[in-house]
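Thanks for coming. I will go through the salt bridges first, and then a patch on the surface.

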Amino acid sequence: EILADFMIISHEAKLKAVQDATREAEITILRLQEENELLKEQLNSETENSKSLGNSFEMPVSNKELTEKYQLLKEFVSKYIVNSSLEKKKAVDSAKAQIIARYETLS
């Protein structure tokens with residue numbers, strides 16, 4: 001009965017950890033998307049201002065470069081989230097295995 005209770009608690013903790021990681025990833029992705037939109041708006045407004053002033057110069061960072069950087073960052077964050085979730089799962093599984101082994105030795 002104690003082992004069953006522990007397994008239920010352990011499973012709930014694992015689910016909560018996965019939900020927390022997922023929620024954190026979604027928040028990070030939304031924040032990055034908002035930042036990307038703000039940068040696009042800023043770039044567009046600066047481009048419009050330079051056109052209205054008659055200035056012709058090349059922007060130091062192009063939309064293409066920003067998009068590439070955004071994609072790289074998005075991939076990095078995705079991999080980081082997946083890897084951290086896997087590491088959390090391994091830690092939970094390891095702890096569960098240790099406790100199961102301890103209870104088996106007591107039986």
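**Salt bridges and a surface patch**

The count of salt bridges comes to four, taking a side-chain nitrogen of Lys or Arg within 4 Å of a carboxyl oxygen of Asp or Glu as the rule. Keep in mind that this is a predicted model.

I will start with Asp20. Its side chain meets that of Lys16 in a salt bridge, at 3.0 Å from N to O. Both Asp20 and Lys16 belong to helix α1, which covers residues 2–53. They sit four residues apart there, or about one turn of the helix.

Asp20 also has a salt bridge with Arg23, and the N to O distance is 3.0 Å. How far apart are Arg23 and Asp20 in helix α1? The spacing is three residues, so about one helical turn separates them.

Taken together, Lys16, Asp20 and Arg23 are linked in a network of salt bridges. As general background, side chains of opposite charge can pair when their charged atoms come close.

Now the accessibility of these residues. Is Asp20 buried, partly exposed or exposed? Asp20 is partly exposed, because its relative accessible area is 27%, and the partly exposed class lies between the cut-offs of 20% and 50%. Lys16 has 49% relative accessibility and therefore counts as partly exposed. Arg23, at 44%, counts as partly exposed too.

Further along helix α1 there is another pair to show, Glu35 and Arg31. Their side chains form a salt bridge with an N to O distance of 2.9 Å. The two residues are four apart in the helix, about one turn. Glu35 has a relative accessible area of 37%, so it is partly exposed. For Arg31 the value is 42%, and this residue is partly exposed as well.

That leaves the surface patch. Which residues form the nonpolar patch on the surface? They are Leu73, Phe76 and Tyr80, and together they have about 340 Å² of accessible area. Tyr80 is found in helix α2, residues 63–106. Why does Tyr80 count as exposed? Its relative accessible area is 51%, and exposed means over 50%.

To recap: Lys16, Asp20 and Arg23 make up a salt-bridge network, Glu35 pairs with Arg31, and Leu73, Phe76 and Tyr80 form the nonpolar patch. I will take questions now.

Notes
Residues numbered from 1 in each chain as written. Predicted model: local features only at pLDDT ≥ 70, side-chain atom pairs only at ≥ 80, totals over all residues. Heavy atoms only, no water. Buried < 20%, exposed > 50% of the residue type's maximum accessible area, 1.4 Å probe, protein only. Patch = residues over 30% accessible without salt bridge, like charges linked within 9 Å, V, L, I, M, F, W, Y side chains within 5 Å. Areas by Shrake-Rupley, 256 points an atom, 1.4 Å probe, with all protein chains shown as cover.
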